[in-house]
Amino acid sequence: QVQLQESGPGLVKPSQTPSLTCTVSGGSITTTDYYWSWIRQPPGKRLEWMGAIAYSGRPYYRPSLNSRTSISWDTYKNQFTLHLSSVTPEDTAVYYCARDEYCGMYHWGKGTLVTVSS
């Protein structure tokens, strides 16, 4: 059974560029047809899809976050990583990684809280 787990810094200062890594077990991130997504939820707000990287290695980004978002991967470690530049307190949120199966996202990590504060 596929499992995902997020990791990254819990506290980040404004203007920094944190990296959050999702480690996948029980399945390869290069498996055809799957996309690997990052989603976040600020306190009191709705879920926001940020971007994804396809099994081919091609990244996709939410237009409003395109200039600040980058997703990379390490197929050897079976990991994909979110890089978010120039963060502000508005980026404070619980960040999730999930497997996108086109028809829905059924496998998620438990999430990791990232707090942006000076």
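User: Why is R99 called buried in this predicted model?

Analyst: The relative accessibility of R99 is 10%. Buried means under 20% relative accessible area, so R99 counts as buried.

User: What makes the pairing of R99 with E101 a salt bridge?

Analyst: The side chains of R99 and E101 meet at 3.0 Å, N to O. The rule asks for a side-chain nitrogen of Lys or Arg within 4 Å of a carboxyl oxygen of Asp or Glu, so the pair qualifies. In general terms, side chains of opposite charge can pair when their charged atoms come close.

User: How many salt bridges does this rule give?

Analyst: The count comes to 5.

User: Why are E48 and R40 said to form a salt bridge, and are these two residues buried or exposed?

Analyst: The N to O distance between their side chains is 2.6 Å, and the cut-off is within 4 Å, so the term applies. E48 has a relative accessible area of 19% and R40 has 6% relative accessibility. Since buried means under 20%, E48 is buried and R40 counts as buried.

User: How do you know that E48 and R62 also meet in a salt bridge?

Analyst: Their side chains meet at 3.5 Å, N to O; the limit is within 4 Å, so this pair qualifies. E48 lies in strand 5 (residues 48-54) and R62 in the loop between strand 6 (59-61) and strand 7 (69-74), so the pair ties together parts that are 14 residues apart in sequence.

User: Why is R62 called partly exposed?

Analyst: R62 has a relative accessible area of 28%. Buried means under 20% and exposed over 50%, with partly exposed in between, so R62 is partly exposed.

User: Which residues are linked in a network of salt bridges?

Analyst: The network links R40, E48, R62, R68 and D91.

User: What makes G8 partly exposed, and where does G8 lie?

Analyst: The relative accessible area of G8 is 40%, and partly exposed covers values between the 20% and 50% limits, so the term fits. G8 lies in the loop between strand 1 (3-7) and strand 2 (11-12). G8 and L20 are 12 residues apart in sequence, with their C-alpha atoms 4.6 Å apart in space.

User: Which residues have the most contacts inside the largest nonpolar core?

Analyst: They are V24, W36, W38, F80 and Y95, in a core of 22 residues. At least two residues of this core come from each of strand 3 (19-25), strand 4 (35-41), strand 5, strand 8 (79-84), strand 9 (93-100) and strand 11 (112-116). Beyond its neighbours within four places in sequence, W36 is in contact with residues including V24, F80 and R99.

Terms used: Residues are numbered from 1 along each chain as its sequence is written. This is a predicted model: local features need pLDDT of at least 70, side-chain atom pairs count only at pLDDT 80 or more; totals for chains, interfaces and linings use all residues. Side-chain values use heavy atoms; hydrogens and water are left out. Buried means under 20% relative accessible area, exposed over 50%, partly exposed in between (1.4 Å probe, protein chains only). Helices (H or I, at least four residues) and strands (E, at least two) are DSSP runs, numbered from the N terminus. A nonpolar core is a set of buried Ala, Val, Leu, Ile, Met, Phe, Trp, Tyr and Cys residues joined through side-chain atoms within 4.5 Å. Contact means heavy atoms within 4.5 Å.
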